[in-house]
Amino acid sequence: MEFTLNIWVIYFLKCNSYQEHILMQNGKIDKIWELLNTVPDPEIPVISVVELGVIRDVIFSENSYIISITPTYSGCPAVKAFQDDIKTCLKENNIENFEIKIVYSPTWTTDWMTETTKEKLKKYGIAPPSETVICPQCDSEKTELISEFGSTACKSLYKCKDCLEPFEHFKCI
């Protein structure tokens, strides 16, 4: 009896796994968004590519997912990493029927970041995009620009005049 029960349990688990695989191959877009939300930004790993706002759309057409991504700026070197990481994530989850499409219009903007994403940036030590640059360490508005460019072109380097800590500011784009 126990042997028969084990066989049924294995059969049930395989069926559910197979059904999930079939659903994924047949247009389960919400699951694709969930997977994409696990892909970290290659330059700021505390946020995902979805949270950054570079994933513009996911559609299912002609038995394939089309994932549209918009670079943070033209010539962004992270685009190749985005593409590779997305491909790896989807393939690791048995998704083979997809295409990644680069979309330049409308251009990416920091307005596509949520307040939650901006808070994650601050906790990570990067001042989120805003007209007033606020130190992510001590919340002081007394800051000075050190360099227009930080570790990436979309960030600038600042120094806090109160706590004297240097930090990066994600530029308003």
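These questions and answers go through a predicted model of one chain and the reasons behind its labels.

Q: What makes up the secondary structure of the chain, and in which pattern?
A: The chain has 5 helices and 7 strands. Along the sequence they run α-α-α-β-β-α-β-α-β-β-β-β.

Q: How do you know what share of the chain is buried?
A: A residue is called buried under 20% relative accessible area. Of the 173 residues in the chain, 38% are buried.

Q: What share of the contacts joins residues 24 or more positions apart?
A: Such pairs make up 51% of the contacts in the chain with a separation of 6 or more.

Q: What is the accessible surface of the chain, and what part belongs to carbon and sulfur atoms?
A: The surface comes to about 10,200 Å². Carbon and sulfur atoms hold 54% of that surface.

Q: Why is Phe149 called exposed?
A: Its relative accessible area is 51%. Exposed means over 50%, so Phe149 earns the label.

Q: Where is Phe149, and what does Phe149 touch?
A: Phe149 sits in the loop between strand S5 (143–147) and strand S6 (155–160). Leaving out residues up to four places away in sequence, Phe149 touches Lys155, Ser156, Leu157 and Lys171. The C-alpha atoms of Phe149 and His169 are 9.4 Å apart, with the two positions 20 residues apart in sequence numbering.

Q: Why is Leu145 called partly exposed?
A: Leu145 has a relative accessibility of 38%. Partly exposed covers values between the 20% and 50% cut-offs, so Leu145 belongs there.

Q: What are the surroundings of Leu145?
A: Leu145 is in strand S5. Neighbours within four places in sequence aside, Leu145 is in contact with Ser156, Leu157 and Tyr158. Leu145 and Glu168 are 23 residues apart in sequence, and their C-alpha atoms are 9.6 Å apart.

Q: What makes the phi of Asn94 worth a remark?
A: Asn94 has a positive phi of about 60° and is not a glycine. Most residues other than glycine have a negative phi. Asn94 lies in the loop between helix H4 (78–92) and S3.

Q: Why is Asn94 called partly exposed?
A: The relative accessible area of Asn94 is 47%. Exposed needs over 50% and buried needs under 20%, so Asn94 is partly exposed.

Q: Where is Leu164, and what is its phi?
A: Leu164 is in the loop between S6 and strand S7 (166–170). Its phi is positive, about 65°, although Leu164 is not a glycine.

Q: Why is Leu164 called exposed?
A: Leu164 has a relative accessible area of 55%. The cut-off is over 50%, so Leu164 counts as exposed.

Q: What makes the bond between Ser105 and Pro106 a cis peptide bond?
A: Omega is about 0° at the bond that joins Ser105 and Pro106. Most peptide bonds are trans. Pro106 lies in the loop between strand S3 (98–102) and H5.

Q: What is the volume of the largest pocket, and which residues lie nearest its centre?
A: The volume is about 150 Å³. The lining has 13 residues, with Lys118, Lys122, Pro128, Ser130 and Ile134 nearest the centre.

Q: Which helix gives the most to the lining of the largest pocket?
A: Helix H5 (residues 115–124) does, with 4 residues.

Q: How do the residues of that lining divide into nonpolar, polar and charged?
A: The lining of the largest pocket has 6 nonpolar, 2 polar and 5 charged residues.

Technical notes:
Residues are numbered from 1 along each chain as its sequence is written. This is a predicted model: local features need pLDDT of at least 70, side-chain atom pairs count only at pLDDT 80 or more; totals for chains, interfaces and linings use all residues. Side-chain values use heavy atoms; hydrogens and water are left out. Helices (H or I, at least four residues) and strands (E, at least two) are DSSP runs, numbered from the N terminus. Buried means under 20% relative accessible area, exposed over 50%, partly exposed in between (1.4 Å probe, protein chains only). Contact means heavy atoms within 4.5 Å. Accessible areas come from the Shrake-Rupley method with a 1.4 Å probe; for residues, only the protein chains shown count as cover. On a 1 Å grid over the protein atoms alone, a cavity is a set of points where a 1.4 Å probe fits but cannot get out, and a pocket is an open set with protein on both sides within 12 Å along at least five of seven lines; lining residues have an atom within 4 Å of a point. Grid points are joined across faces, edges and corners, and a volume is the space filled by probe spheres set on the points. Ala, Val, Leu, Ile, Met, Phe, Trp, Tyr, Cys and Pro count as nonpolar, Asp, Glu, Lys and Arg as charged, and the others, Gly among them, as polar.
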